[in-house]
Structures are given as C-alpha cells and as structure tokens.
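Reader: I am new to this structure and would like a close look at a single part of it, with the surroundings explained as we go. Could you take me through it slowly?

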Amino acid sequence: MEATGSRQSFQLGRKGHHITGGYCIPCPGSETGGRSKNQKVTAVTVFKQCNQDEAKSLQTSAIPESKVRHNLVSLPHLNPAKVSAAKALVEKAVKMHKVFSIQGPYPVIREALRARGWVEQRMHNPNRHPHQCHSSDSRASSNDTDDSDNDDNYVKKEQDPDELYDLMSRLVRNEMVYFFWTNRRDAINANSLHKAQITNHFAKAGSFTTKVGLCMNLRNLHWFDSADPDTFFPRCYRLGVQDEKHAFIEDFRRTACTSFLKYIVEKEQGTLVEGMSCNRWPVQGQGRRAKNLFRPMALSQMIDCALKVCQEFLESLEHNDIDMSLEAPQTLTKEEWTHFISSYYVVVHDGAEIENGDRFVKCCEAMLQRLGEVRPQLDIDGIQNIWIIKPGAMSRGRGIKCYKRLDEILRLVNVDQTLIKESKWVVQKYLERPLLIHGTKFDMRQWFLVTDWNPLTVWFYKKCYLRFSTQPYSLNILDSSVHLCNNSIQKHLRPSQRRHRDIPADNMWSDEQFRTFLSRQGREAQWHAVVVPGMKEAIIHALRTSQDLMESRKNTFELYGADFMLGRDLHPWLIEINASPTMAHSSRVTARLCTAVQRDTLRVILDRSADCTANTGDFQLIYRQAPVKVPQYVGLNLLVEGFKIKSPFPLPPLRPSAPKHHGPAEEKKPAEEKVKPLPKMLLNSTETQLGNTSSGVQPPPPRPPEPPLPVPIEPVTLHLPMTVNKSIHLPVSAQSHSVFLCKRRSEISKACSDKVQPSTTERHQSPSFPLEITLSKQSRPAATSTLSA
C-alpha cells in the first residue's frame with residue numbers, strides 16, 4: 001500500500017510539482033491550498049521543472065506553519081481506479097478537442113459541459129479568491145455594458161469531494177482550450193484565438209449594447225428598412241453634442257406644448273389621472289407659492305402659442321417650410337419661450353387653476369388628432385414632460401435619474417465636462433403612461449442569441465420574466481425606487497406596504513404569470529399578436545443597424561438581454577440591450593429561467609453544430625440573413641494602378657483663344673468636295689525656307705489664319721537630296737508658317753521628284769499633325785526635320 005501511495009503521489013506531481021511524502025506542493029503560478037497546523041514536511045523531491053533555488057529553499061526538515069498553510073495542497077489518497085478513469089476521460093477529451101475554461105460563477109455551464117465529456121482548464125488568479133472573481137469583474141466593468149449581477153446567493157460551492165475535477169484540470173493545464181465562457185468581453189483577445197476555438201463574446205458589440213450606440217444606430221434604420229424607430233424606441237439625444245443638445249431643447253419645448261394641450265382636454269373631460277396611481281403624494285402649497293412669485297400667461301395666450309408651435313411642426317414634417325426665408329422670425333422668441341415654459345410648470349406641475357378652459361377643448365382636440373397621425377409616441381409622452389438621464393456606458397441602473405424641468409437637466413449635464421466631451425450623457429423621453437400591474441411599474445427581460453453576423457443569425461428565447469419596482473407608480477415622486485425596475489437597485493429596498501399583495505416580495509414574475517394576468521382581463525391573445533412580434537421586430541432592427549460595425553468571427557456567439565416596457569395598448573418599447581445578462585438566482589423565477597437559458601444556449605452552440613436536427617430548447621430562429629460576400633482583406637491599401645498614355649507625336653503649340661461659333665457655319669463640308677492641289681511655287685518656297693533657316697535667316701512673317709481642312713492628313717517621311725546640319729522643328733500653323741503640306745500621298749509624290757515613303761504611324765482625324773521629313777545625302781548622315789501640320 002505504501003508503494004502504491006508513493007507511485008500515486010509521483011504521478012500527481014509529475015508536471016511541475018514538488019512531492020512531499022503523500023502531498024503535492026505546486027510550483028509558483030499553480031493553485032495553492034492549506035494544511036493542518038500539526039503536519040510537517042520531512043522529505044522533498046525536486047523535479048526538473050522547478051528552479052534550483054526553489055529546491056534548496058524547500059530542502060529543510062520542517063517548514064513554518066504559515067508557509068505550509070499557503071503553499072501546500074492537501075490531497076487525499078485517491079482511488080487508483082478513479083485516477084485511471086480521470087486519465088481516460090482527459091485523454092478522450094483532449095483527442096476530441098473538448099477542453100473548456102470559464103471565468104465567473106457559472107455552475108450550470110460547467111455541469112452541462114462536463115455532461116458532454118468536456119474537461120475544464122481552470123483560470124487561476126493568485127491575487128483573488130475564486131468566488132470573488134464574479135464581483136471583481138463586475139466592478140472592473142463599471143464602464144462597460146455588462147449586466148452581470150453581484151449576488152452572493154448565486155455562488156454555489158462546487159461538489160467535488162474526491163478532488164476529481166481539480167485533478168483533471170491539472171492534467172489539461174497545458175492543453176489548448178476550445179471553449180471560453182467569460183463574463184467580460186476583454187477577458188479574451190479574439191484576434192489571438194485559433195479558428196477552432198469558441199468564445200461567447202463578439203468584439204466591438206458596444207454599437208448596440210451601450211445607450212449611446214443604440215441611440216445613434218437606430219437613426220440609420222431607414223437605410224435598412226422602411227420602419228420608423230420612433231414606433232418602438234423612445235426618442236433619444238446625446239447631450240454632449242451641440243447639435244443634438246439644441247434638438248433636445250426644441251423637442252422639450254414642443255413636448256411641453258403638446259402636453260399642455262392634452263392637459264386642457266383631459267382636465268375638462270374629467271379623464272386626467274395625475275400620477276397614474278391611486279396612491280398619490282399631494283404637493284401642498286406649491287401652486288400658491290408659485291402664483292405669488294410668478295404670474296403665468298393668460299390661458300388663451302398659452303393655447304395660442306402651443307397651437308402655433310404644433311402647426312409649425314406639422315408643416316416641417318410636410319416640408320412646407322422649405323420656402324421660408326432663413327431670416328423669417330421664429331414662432332416664439334427666447335423670452336416668450338421662457339415665459340411659456342414657466343407658465344406650463346405652474347399649471348401642469350404645480351396644479352394652478354385655469355378658468356374657461358372648455359372654450360378651447362375643440363381646437364386642442366383637433367390639433368392632437370393631427371399630431372397623433374404623425375407622432376407614434378404622443379400617448380406615452382403623457383403631460384408631465386419627464387425625461388430620463390442615463391450615463392451612456394453604464395448598466396444595472398447606475399447613475400440614472402428622472403427630471404421634468406429643462407434647467408435641471410442642462411445643469412446636471414454641465415457639471416462634468418469630461419462626460420460632455422466624450423458624449424456620455426444620454427437623455428431619453430420617459431414613458432409616462434406604461435402598462436401597470438396592480439398600480440406598479442414593471443419591465444421585461446427578454447433574451448436573444450446571436451450566433452453569426454454574416455449571415456446575421458438571431459435566436460429568440462420563448463420565455464422571459466418581469467421585474468417590479470418596490471413602490472407604487474406615481475409621477476409626483478421621481479425616485480429610482482418608483483421608476484427603475486433593475487433588480488440590482490430594487491433588491492436593496494423594502495417593498496412598500498401600499499403595494500398590491502399579489503406582487504411577490506422578490507419582485508419577479510414569469511411570462512406564464514403575466515399571461516394569466518392578461519387572461520383575467522380578456523387580453524391574453526394580445527401576447528402572441530402584439531407583444532412577442534413587437535419584441536422580435538425591435539431586436540432585429542437594432543441588430544441590422546449595427547451589423548456593419550461588428551467584427552464577425554466564426555465559432556463566436558453571444559447571449560444578450562433586452563429590456564422592454566409595455567404601453568397601455570401592450571405595444572413593446574425597447575429600452576436598452578445588455579451584454580452578459582445576469583444569471584443570478586435572485587428569485588425562484590430567475591433560478592429556473594436562467595438555468596434553462598444557459599442549457600439551451602449550449603444546445604444551440606454545441607449540439608446543433610454537430611446535428612442540425614438537434615433540440616434547441618426554447619430558442620427559436622427568428623432571423624437568418626442571406627450571406628454577404630466580403631472580399632478577402634490582404635492588408636494592402638486599395639488603389640488603382642496604371643500608366644500614362646503618351647502621344648506618339650509632339651503636341652502643336654496652343655493657338656490664341658478665339659470665340660467659338662455654334663451654328664450652321666460650323667457644319668462639315670460635303671464629302672464630295674476635293675482639296676485643291678498644292679502649287680509648285682509652294683514647294684519652291686519650302687526649300688527657300690529650309691535654306692534660310694539653316695543659315696540663320698529668320699523666316700518671313702506668317703500668313704493670316706486659314707480655316708482647317710476637312711480632309712485628314714497623313715504624316716509622311718520625305719527624303720530630299722539636300723544637306724541639313726541639325727534637326728529643325730518648324731510647326732506648321734497659321735501664325736508661324738507659310739508652308740502647308742496638305743496633299744495626299746499621291747499628289748505629294750507627283751510634286752516631288754524623290755521617292756516618298758509613308759510613315760507607319762496610325763492615322764488620326766485631327767486637322768493638324770506633325771510631318772517627319774528626313775533629308776539625307778549619300779556621303780553624309782541624315783538629319784530629321786519635324787513639321788507640324
């Protein structure tokens with residue numbers, strides 16, 4: 001038995017470990033463990049993998065208790081049969097490329113992969129406890145878009161009594177990992193991965209998983225589809241950009257006008273429900289103090305201003321304002337806007353009384369009806385004109401605040417100049433009239449899976465869950481406990497006693513419970529007719545607008561979590577999309593659904609890749625784009641290469657510009673008209689000109705210009721029996737020549753006694769071309785004279 005134990009210890013510590021009796025001491029960089037205080041080390045065997053200095057330091061009769069506690073791993077005597085089975089599993093997994101690595105507490109993924117024959121290569125970090133990896137990464141990704149939650153209840157101790165998984169992890173520590181699952185995108189460098197390695201994060205996904213990216217990309221939806229983003233995404237602006245900041249101010253003012261018109265109509269008709277809840281915190285004395293400090297506009301004047309602004313907006317949508325001059329006065333001046341907005345606060349927010357409002361109900365209703373045809377968000381805008389301010393790249397509800405006054409919004413943004421410079425602040429219209437369940441606000445977490453970006457392949461999960469706020473809904477209190485449903489915020493708050501008792505204390509509902517609630521109201525059919533199709537379309541639109549910005553890589557996938565809110569008509573509104581959605585078992589609902597979605601994700605990624613008919617669980621393929629051919633990039637700049645086309649003859653000198661006459665005078669002459677033959681005296685003058693030029697005598701003044709000849713001229717080479725010492729370039733033109741060789745080849749041969757040899761140059765249609773005349777003699781070398789005709 002002792003021999004068996006020693007051989008067993010030798011095999012366990014063979015790869016870079018010190019063997020101490022029956023215990024294994026890992027080398028630096030490997031996992032550490034602890035021993036009891038009474039244990040001592042009596043012998044040390046050092047292998048080649050360890051340094052000599054380390055071996056000398058370990059060769060002692062005893063090791064201090066503190067060092068033993070931190071540097072020794074206490075392993076029990078394993079059953080040889082289990083060791084052999086572990087080795088067999090490892091050899092099979094390595095042969096089939098089934099080695100995985102997980103960062104973060106994902107016991108469901110570990111269990112599902114081990115059931116498929118995979119072996120884990122654990123990520124070791126000596127500076128951090130394994131159970132703290134999840135929370136530390138979440139804090140490190142505070143500026144990222146990860147929605148991974150820090151929940152200690154989710155961290156479950158792994159059941160490994162025989163240290164079998166730890167042994168298998170050591171046996172594959174030098175093998176290539178073929179499956180990475182991390183809770184942070186930057187934990188793995190995708191550019192350094194082998195093409196066979198699988199990872200659960202795409203690079204550069206911030207184009208739609210950040211609030212800024214989603215806001216920007218959805219504006220380009222008209223290039224991809226005919227859909228309008230205002231029908232599923234509340235309008236959004238970046239306050240760090242001056243143009244968008246001015247657009248937000250205009251939108252805020254215009255929304256104040258429409259809200260005031262709705263306030264007049266609903267108050268006179270008795271349908272005004274302030275706060276959208278029976279539990280209202282009244283604001284006492286605000287209206288009285290506001291009247292004493294500020295005198296609002298007259299009601300007729302306010303309605304007139306609101307109608308003018310709305311009419312101007314409708315004309316701009318119909319493009320009727322393009323004929324207006326830029327110098328035309330604005331509908332309201334800056335002072336008038338200030339007075340109107342202040343009056344709007346007094347009437348709507350502070351509850352100031354209005355008189356004789358029934359006289360303006362019809363005109364207000366008519367304008368609202370026209371606006372409802374072109375503004376799909378008119379109903380959810382409400383009357384309070386509330387906007388929600390979000391940091392552009394944070395998750396889990398951090399830094400989100402609600403405001404209803406323009407000066408407060410601008411003051412908040414102007415505090416941090418860094419955020420303004422980086423355009424990190426996003427302001428979005430708040431849904432003031434959402435669907436409520438027992439007077440409480442909720443949102444929905446919907447999962448979807450992207451397995452490829454080219455072609456774009458999207459899987460929609462059939463199940464989702466609802467998250468409630470802990471306080472009843474009211475617009476009179478703009479607190480996060482009322483308006484933010486993130487579990488990371490609500491789990492620290494105590495549910496209100498005024499909240500309906502049918503809402504559970506853990507603030508979670510499954511989609512089955514929600515459909516039961518709808519069936520009681522006779523609206524269950526709208527779940528499959530309105531809610532689900534609306535969520536699918538919104539997700540597809542968001543992904544298509546971001547497709548060009550993503551770095552597609554095969555064997556890569558990512559699970560996302562989309563947050564939706566429902567309007568009173570059950571129409572879904574996309575709020576944001578989160579990467580690395582939390583899998584924390586914060587309630588009974590999430591414990592069941594998060595486990596199921598992780599298992600189904602592996603079914604789609606692993607099982608379906610091996611068998612296209614494999615079960616994919618509750619994942620449904622909702623979009624698969626036709627593949628787009630992308631040219632292979634070889635790392636070179638795109639350019640057009642070529643060479644310059646050179647003219648076979650020197651170009652004639654430029655003539656002075658003359659007015660062009662377009663008309664019948666420039667028509668071509670009939671083809672039957674013949675060119676007059678060249679007179680003999682013209683040839684004699686040619687010889688005279690050549691002789692005078694060679695002797696240094698200047699040629700006579702040029703003749704007046706003559707019209708160009710319609711007959712094309714062919715360049716020829718003339719061999720004349722005379723002596724020329726150098727090359728003479730005499731351009732034949734209307735200004736500098738009196739010689740015109742315009743004869744055809746047959747006519748020139750008759751006029752000259754010498755033999756004429758035609759040039760092999762290609763014929764041209766231009767009215768003037770150079771003629772190469774070669775004058776040679778038997779006893780002297782020939783010279784060349786070039787004449788341009």
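Reader: To begin with one residue, is R375 buried or exposed, and what is its relative accessible area?

Author: The model is a predicted one, and the values that follow are all computed from it. R375 has a relative accessible area of 9%, and because buried means under 20%, R375 counts as buried. Its salt-bridge partner is D381, with the closest N and O atoms of the two residues 3.4 Å apart. D381 is buried as well, with a relative accessible area of 0%. The two residues also belong to a network of salt bridges, in which R235, D251, R375 and D381 are linked.

This network can be set beside other charged pairs, since a search of the whole structure finds 26 salt bridges. One of them joins R445 to D563, and here the closest N and O atoms are 2.7 Å apart. That pair links distant parts of the chain, for R445 belongs to strand β12 and D563 to strand β15, with their positions 118 residues apart. R445 counts as buried at 1% relative accessibility, and D563 is likewise buried, with a relative accessible area of 3%. The salt bridge between D186 and R184 also has its closest N and O atoms 2.7 Å apart, but its two residues fall into separate classes: D186 counts as exposed at 52% relative accessibility, whereas R184 counts as buried at 17%.

Charged side chains also meet aromatic rings in this model. The charged end of R114 sits over the ring of Y165, at 3.8 Å from the ring centre, while R405 lies over the face of Y345, at 4.3 Å from the centre of that ring.

From there it is a short step to the contacts between the rings themselves. There are 24 aromatic pairs by the rule used here. In one of these pairs F202 and W453 meet edge-to-face, with 6.0 Å from centre to centre and 85 degrees between the planes. The two residues come from distant parts of the chain, 251 residues apart, with F202 in the loop between β7 (198–199) and α8 (206–209) and W453 in strand β12 (residues 442–453). Both F202 and W453 are buried. The rings of W509 and F517 have their centres 6.1 Å apart and their planes at 55 degrees, so this pair is classed as tilted. W509 counts as buried at 7% relative accessibility, and F517 counts as buried at 7% too. W509 and F517 are also part of a cluster in which ring pairs link F442, F468, W509, F514, F517 and W527.

Strand β12 leads on to a feature of the backbone. A cis peptide bond joins N454 and P455, with omega about 5 degrees, and P455 lies in the loop between β12 and β13 (456–468). Two other residues stand out for their phi angles. H97, although not a glycine, has a positive phi of about 60 degrees; it is found in the loop between α4 (80–95) and β3 (99–102) and is partly exposed, with a relative accessible area of 39%. S580, also a residue other than glycine, has a positive phi near 50 degrees; S580 lies in strand β16 and is buried, with a relative accessible area of 6%.

Strand β16 brings us to the enclosed spaces of the model. The count comes to 10 cavities of 30 Å³ or more, and the largest cavity holds about 240 Å³ of space. Its lining is made up of 20 residues, of which I388, K390, L484, M565 and I575 lie nearest the centre. At least two lining residues come from each of β9 (387–391), β11 (425–429), β15 (558–566) and β16 (572–581). By type, the lining divides into nine nonpolar, three polar and eight charged residues.

To return to the part you asked about, R375 is a buried residue that forms a salt bridge with D381, and the two take part in a network with R235 and D251.

Note on methods:
Residues numbered from 1 in each chain as written. Predicted model: local features only at pLDDT ≥ 70, side-chain atom pairs only at ≥ 80, totals over all residues. Heavy atoms only, no water. 1 Å grid on protein atoms, 1.4 Å probe; cavity = no way out; pocket = protein on both sides within 12 Å on 5 of 7 lines; lining within 4 Å. Points joined across faces, edges and corners; volume = space filled by probe spheres on them. Helix = DSSP H or I, 4+ residues; strand = E, 2+ residues; numbered from the N terminus. Nonpolar A, V, L, I, M, F, W, Y, C, P; charged D, E, K, R; others polar. Phe/Tyr/Trp six-rings, centres within 6.5 Å; stacked < 30°, edge-to-face > 60°. Buried < 20%, exposed > 50% of the residue type's maximum accessible area, 1.4 Å probe, protein only. Lys NZ or Arg CZ within 6 Å of the ring centre and 35° of its normal. Salt bridge = Lys/Arg side-chain N within 4 Å of Asp/Glu carboxyl O.
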